[in-house]
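Reader: I'm new here and would love a close look at just one part of this structure. Could you pick out the charged pairs and the spot that a record marks, and walk me through how they sit?

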Amino acid sequence: MLRYTVVRGGLGLLTVRRACLSPRLTHSAPKTEYRPIKKVMVANRGEIAIRVFRACTELGIRTVAVYSEQDTGQMHRQKADEAYLIGKGLPPVAAYLDIPDIIKVAKNNNVDAIHPGYGFLSERADFAQACADAGVMFIGPSPETVRKMGDKVEARSLAISAGVPVVPGTEYPITCLQDAQVFTQTYGFPIIFKAAYGGGGRGMRVVREYEELEENYQRAYSEALTAFGNGSLFVEKFIEKPRHIEVQILGDKYGNVIHLYERDCSIQRRHQKVVEIAPAFQLDPHLRDRLHADAVNLAKLVGYENAGTVEFLVDRHGKHYFIEVNSRLQVEHTVTEEITDVDLVHAQLRVCEGRSLPELGLRQDKIRVNGCAIQCRVTTEDPSRGFQPDTGRIEVFRSGEGMGIRLDSASAFQGAVISPHYDSLLVKVIASGKDLQTAASKMSRALAEFRVRGVKTNIPFLQNVFANHQFLHSTVDTQFIDENQELFNLKPTQNRAQKLLHYLGHVMVNGPTTPIPVKAKPSSIDPVIPPGILGDPPVGFRDILLRDGPEGFAKAVRAHQGLLLMDTTFRDAHQSLLATRVRTHDLKMISPFVSHNFSNLFSLENWGGATFDVAMRFLSECPWKRLQELRALIPNVPFQMLLRGANAVGYTNYPDNAVFKFCEVAKENGMDIFRVFDSLNYLPNMLLGMEAAGAAGGVVEAAISYTGDVSDPMRQKYSLDYYVKLADELVKAGTHILCIKDMAGLLKPEASKLLIGSLRDRFPDVPIHVHTHDTAGAGVAAMLACAEAGADVVDVAVDSMAGMTSQPSMGAIVACAKGTKLDTGIALEKVFDYSEYWEVARGLYAPFDCTATMKSGNADVYENEIPGGQYTNLHFQAHSMGLGNKFKEVKKAYTEANKLLGDLIKVTPSSKIVGDLAQFMVQNNLTRAEVEERADELSFPLSVVEFLQGYIGIPHGGFPEPFRSKVELERGKILHIKALALGDLNKAGQREVFFELNGQLRSVLVKDTVAMKEMKFHPKAQKSIKGQVGAPMPGKVLEIKVEVGSKVEKGQPLCVLSAMKMETVVNSPVAGTVKVVYVTADTSLEGDDLIMEIEE
């Protein structure tokens, strides 16, 4: 009876008020004083603060931001004209609830009005009253209205008075658990707890069984207390599977109230809205009218002014029930603005100043709906882990934009730190279109454009929502997410660039992580230089070259009696055996001896691609300086280098002028002979290199890369005819010397006779030079066979650097040829002295010596055709990755990979392509048949894709089909990365590593593993240990429910964590006894931090 009397009295007062204001509605002089606003403070943070600042700036109003100590780096500080710290020393949320400090800042800085935003103090009547008491305008309803609407029980009572249907619930906030128990005895389950003084899903818990009642009451109370400063709750009967429809209202100080249509907020999780739509899709027109009318009537009943939202549930039968009034601006106000073209914040500010809605042109009959708008909240939550909040630093941020897209954000930028203290909202994305489907299409496109790295987001989940047929073509209810589990079939993001930067950063900070299987240490004995270096060195073949030029040099070589040798000890030998690690120092030490005792060598190979690679990456040496210094010490023996055709000494095609200039400078610094080859024998690439070497004045040695077996009539792809025809082209192009480059050591004695004999018959005047590797152990026999068939020069390495994957032994060739027509003229005893030096020097490089993992050569090279240097590297890599016992599988996969790629000539870089594919097959347990079958879905190594795109040329016989056509040749995905700087160590034991990626600054945080050993960190839970309980997400410990020695059951609550104002109960994974507790109340935790140990 009393309640009824109060309501009637209220209505009577409202009637009188309307009568007094009626002249205003006919445009007479206003009774309320107009107070222009010149400065506005926003008592909030994040995107809503920025939203208000922007509106103020548009209206010429100065802006003031406030921020907590934890928010010193947040964007809303920078968007305001002024910014002041509040809540010094207080916890993060409490700072924004510190009413006295906020009012003090406002008064000290001449603030005219305060906008509360949403959340925090926005629905606190005491804050609105404090503003009024301080003479500061509150941009929102009156304190009394805020009190009435904030008290969910009184709001229900008012709704009943206005004739608005309500859900059965308690009349007053409950004060204890027993009150909730009494309610359930009357209405049964399910029920829902709601915070009496706030919304946004905080303090809201659904209870379906009696056993869950106490725990959920405690969690709801605690969340409400933390978020709103008051833990009061009320209880309602829970309506199953309703639609959540809310109506936007706007009132002024003169009793005018209008609605701006409705929003459908049914897509929710944890009672928090995820997607909002305006207007509601497929809503019955009569129901729509009733919702609007009820919202306006209720607002008029309480004399509502400024912006607000009346929220309803609509059940499956089309009945609607009042839930609450949010006496503030809503997060989703944006969609209403998009469909009505009404700026709600502008309206709030003008109404607060004393303007009437008609003055602002806001009349109900003028408000029209234009199209459809959708908002989704991109949050830093991981849908695959139950939407657990994620924290960390945003390493990459790129948003989706374009026509029909609006973005409201604050912390969405590269370098922003997402803390566990506040809401997980990253950015609000609003899409507009003529209808729901059009707006959803724009939203899907925008979400696909987003790139967020460093923290997990719900974007993949949202993309699934906007692709869902029910969402697009039917209505949804609040159980939509729970009933559509396919929404959680998330498409993984590739994140290729950032993964690569993390890897590079880790290497820069901590060094390479590949374990070295070699335990050997460098020898402490220095090699001794042999005696016999007196006076100037004797005349050698370089003197002939300098006197007669390249053509005369070639003639002299062809006319020479006996077999000439090229020594590879200075390059290919140590590349094959010692990973190219030999320093310039050790080469210089033996150089005078070589100059004086091996003047009759055809050449000394001492330069190539690997020289540049290793010298600059590992030895910190200049390859050009090496060439200059060796030239000064060995003036009489020609130097020879490898030139990879159009690739020069690199791994990709360079511009023609770069190749020409390289050869010119190389010649000027002492290079004589350029062995020009192409890994695919691709003639155009070879001709470019030959032309460049010739133009520089060097000796051109065109090399044909050898594979297969010309003596086997069953192998016809690389037949004798193929090699002879290719040699024809090279001789026509003007090569001075013709070379057969047998990188894998496949030349058998019979094939040697056949191939070299045919070339000698075909080109009687052209010198022939043969290169091989001794992997199978038949290198000496093959080279002697080549010499017998007419070869002028063969490659060797000094004995202690020969054999296995290196070249055949110099001593063996010299000894076998001695006294015959092939006599080399080299003193065997000098070879012994030379070998002794390198035997000791080799010990200096023991950690890189291939003999640590490989004890001999292997004749299976005739099957797998792996080049010598690569054979060594693959063997070493297999041991490094713990696959030493699977090296046989790696070699078999190499054979299969070669067949997949069409049987390639295997020389750098084509050999690397085959090797990459082989390792890809082994790592993924793929057979050749499986690779062929699944070629259209596998992510192949980049080298394989680029080969199939033709980056290194066209292989003999063309590309393999249909394999090539099935592989996705993704173009335009080249990453240009430049390492810039390494930052100082931070408190977390990390260093920031800076890069330039495709012209943009990027950085990653990398843990310094060495420094972290000296620092103290909270231990991590080991997932392999059953009783260790780890933090499921970053957060703060609110409550510990057990102690050491407590007996616990599986599933029993152990502690409560709070993150982003949401609470999570950590339950026991096992039954047992609590052995150790590693945390206390208020302990801040990272994900997987160890909370306690339970002994079963």
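Author: Let's get one word straight: a residue is called buried when its relative accessible area is under 20%, and exposed when that area is over 50%, with partly exposed in between. Keep in mind that this is a predicted model. By that cut-off R571 is buried, because its relative accessible area is just 3%.

R571 has a partner: E605 makes a salt bridge with it, and their closest N and O atoms are 3.2 Å apart. The two come from distant parts of the chain, 34 residues apart, with E605 in strand β24 (residues 603–607) and R571 in the loop between β23 (564–567) and α20 (572–578). E605 is buried as well, at 1% relative accessible area. Elsewhere, salt bridges with shared partners tie E246, R263, K273, E276, E311, E332 and R377 into one network.

Take E311 from that network. You'll find E311 in strand β12 (residues 306–314), and at 2% relative accessibility E311 is buried. Its side chain also has a polar contact of 2.9 Å with the side chain of Q330. Beyond neighbours within four places in sequence, the residues E311 is in contact with include E246, K273, Y321 and Q330.

Now for the marked spot. An unreviewed UniProt entry lists D572, K741, H771 and H773 under "binding site". They span 202 residues in sequence, but no two of their C-alpha atoms are more than 12.4 Å apart, so they gather at one spot.

Two of the listed residues deserve a closer look. H771 lies in strand β29 (residues 768–771) and is buried, at 0% relative accessible area. Skipping neighbours within four places in sequence, H771 is in contact with residues including D572 and K741, along with R675 and D795. H773 lies in the loop between β29 and α28 (779–789), and at 2% relative accessibility H773 is buried too. H773 touches D572, and a polar contact of 3.5 Å joins the side chains of H773 and D572. Among the other residues that H773 touches are S576, D742, Q807 and G868.

Back to the charged pairs. Side chains of opposite charge can pair when their charged atoms come close. The whole model has 64 salt bridges. One of them joins E240 and R208, whose closest N and O atoms are 2.9 Å apart. These residues are 32 residues apart, E240 in the loop between β8 (233–237) and β9 (243–251), R208 in the loop between β7 (205–207) and α10 (213–228). E240 is partly exposed, at 30% relative accessibility, and R208 is partly exposed at 40%.

A further pair reaches across 820 residues. E1039 forms a salt bridge with R219, with the closest N and O atoms 3.6 Å apart, and it links E1039 in strand β35 to R219 in helix α10. E1039 is partly exposed, at 31% relative accessible area, whereas R219 is buried, at 3%.

One last stop in strand β35 (residues 1035–1040) is G1035. G1035 is buried, at 4% relative accessibility. Apart from residues up to four places away in sequence, G1035 touches P420, S1058, A1059, T1083, S1084 and L1085.

Methods: Residues are numbered from 1 along each chain as its sequence is written. This is a predicted model: local features need pLDDT of at least 70, side-chain atom pairs count only at pLDDT 80 or more; totals for chains, interfaces and linings use all residues. Side-chain values use heavy atoms; hydrogens and water are left out. Helices (H or I, at least four residues) and strands (E, at least two) are DSSP runs, numbered from the N terminus. Buried means under 20% relative accessible area, exposed over 50%, partly exposed in between (1.4 Å probe, protein chains only). A polar contact is a pair of N or O atoms within 3.5 Å; within protein, one must be able to donate a hydrogen and the other to accept it, and residues adjacent in sequence count only if both atoms are side-chain atoms. Contact means heavy atoms within 4.5 Å. UniProt positions are given in the numbering used here, feature names are shortened, and annotations may be inferred rather than shown by experiment. A salt bridge is a side-chain nitrogen of Lys or Arg within 4 Å of a carboxyl oxygen of Asp or Glu.
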